[in-house]
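Welcome, and thanks for opening the viewer. Could you keep the selection panel handy while we walk from stop to stop?

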Amino acid sequence: VYTSSAVNDMAQSMSNNGQRVSATAYVNDHGEVVLIEGETRLRGARAAGLPTLRVEIRPRPASNRELYEEARAANVERRDQSPLDDAIKWKELIEKKVYPTQAALAKALNLGEDHVSRTMSLANLPHRIIHSVAENTDLLNHKMLNAIREYWAVKGDEDTLELILEIAKTGMGYRDVVARRKSAAKG
């Protein structure tokens, strides 16, 4: 999820300080440069009107699976990877049969199957809710995201969007969201 605030922050940083870290990429069969990681830097450079992006060219990954695992490792190392990012990408990777099952994905990433399953359930949220949550980085942790997903399952889109604004404004915790969901489920 590339939020406008993250791209704008990157554009501002790159305008003021230059590009601190190279993006990584490989060259495909058509001679095109394909990013492995560095999408936010690319979007930030475009938003800032910068003519170039410093890219380290690496050997082409042997498979889409290797490509994803390399990109994810870089993002996790920088702590840029949120559960929401994982959910969306994992759903895509399983749909494209890069990983045949959630269990295979969990094994490849050395994660518990229950963790992968809970994370992937976040990908069921509608795009407008995903983008609303992504604009509030304080909400991008497993407990809060799952509480919001469970609330959405009971209350739907509009009430959930209002709740996200309230959480951001008041600093509600995930336990408060769980209590709201339980209360809403009771009617």
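## First stop: a loop residue

Start by selecting Lys97, which is exposed, with a relative accessible area of 63%. Bear in mind as you look that this is a predicted model. Lys97 sits in the loop between H4 and H5. Turn on backbone torsions here: the phi of Lys97 is positive, about 65°, although Lys97 is not a glycine.

Now move along to Asn110, in the loop between H5 and H6. Its phi is also worth a look: Asn110 has a positive value near 60° and is a residue other than glycine. Is Asn110 buried or exposed? Asn110 counts as exposed because its relative accessible area is 71%, and the cut-off for exposed is over 50%.

## Second stop: a buried loop residue

Next, select Ser82, in the loop between helix H3 (64–78) and H4. Ser82 is buried, with a relative accessible area of 8%; the cut-off for that label is under 20%. Add Asn141 to the selection and draw a distance between the two C-alpha atoms. The C-alpha atoms of Ser82 and Asn141 are separated by 7.1 Å, while along the chain these residues are 59 residues apart.

## Third stop: two helices and their cover

Select helix H6, residues 113–121. Which residues of H6 are buried? They are Val116, Thr119, Met120 and Ser121. To see what lies over them, show helix H4 (83–95), helix H5 (102–109) and helix H8 (142–155), which are included in the cover of the buried residues of H6.

Then go on to helix H7, residues 127–134. Its buried residues are Ile129, Ile130, Ser132, Val133 and Ala134. The cover over the buried residues of H7 includes H4, H8 and helix H9 (157–170). Keep H4 and H8 displayed as you switch between these views: H4 and H8 are among the elements covering H6, and both also appear in the cover of H7.

## Fourth stop: the sheet

Hide the helices and bring up the strands. What is the order of the strands in the open sheet? The three strands are arranged E2-E1-E3, with mixed pairing. Strand E2 (33–37) and strand E3 (55–57) are the edge strands, each pairing on one side only. Rotate the view to follow the twist, which averages 40° from one strand to the next.

Take the pairings in turn, beginning with E1 and E2. These two strands run antiparallel and are joined by four bridges. To find one position in this pairing, select Thr24, which stands opposite Glu37 in E2. The hairpin of E1 and E2 has five residues between the strands; in this hairpin, pick out Gly31, which takes a positive phi near 80°.

On the other pairing, strand E1 (residues 23–27) and E3 run parallel, with three bridges between them. Select Ala23 to see one partner: its bridge partner in E3 is Val55.

## Last stop: a patch on the surface

Finish by switching on the surface and selecting Val27, which belongs to strand E1. Val27 is partly exposed, with a relative accessible area of 39%. Which residues form the nonpolar patch on the surface? Add Val33 and Ile57 to the selection: with Val27 they form this patch, and together the three have about 250 Å² of accessible area.

Note on methods: Residues are numbered from 1 along each chain as its sequence is written. This is a predicted model: local features need pLDDT of at least 70, side-chain atom pairs count only at pLDDT 80 or more; totals for chains, interfaces and linings use all residues. Side-chain values use heavy atoms; hydrogens and water are left out. Two strands pair if DSSP finds at least two bridges between them. Axes are lines fitted to C-alpha atoms, for helices over the stretch in contact, and angles run from 0 to 180 degrees between N-to-C directions. Patches are made of residues with over 30% relative accessible area and no salt bridge: like charges are joined within 9 Å, nonpolar side chains (Val, Leu, Ile, Met, Phe, Trp, Tyr) within 5 Å. Accessible areas come from the Shrake-Rupley method with a 1.4 Å probe; for residues, only the protein chains shown count as cover. A salt bridge is a side-chain nitrogen of Lys or Arg within 4 Å of a carboxyl oxygen of Asp or Glu. Buried means under 20% relative accessible area, exposed over 50%, partly exposed in between (1.4 Å probe, protein chains only). Contact means heavy atoms within 4.5 Å.
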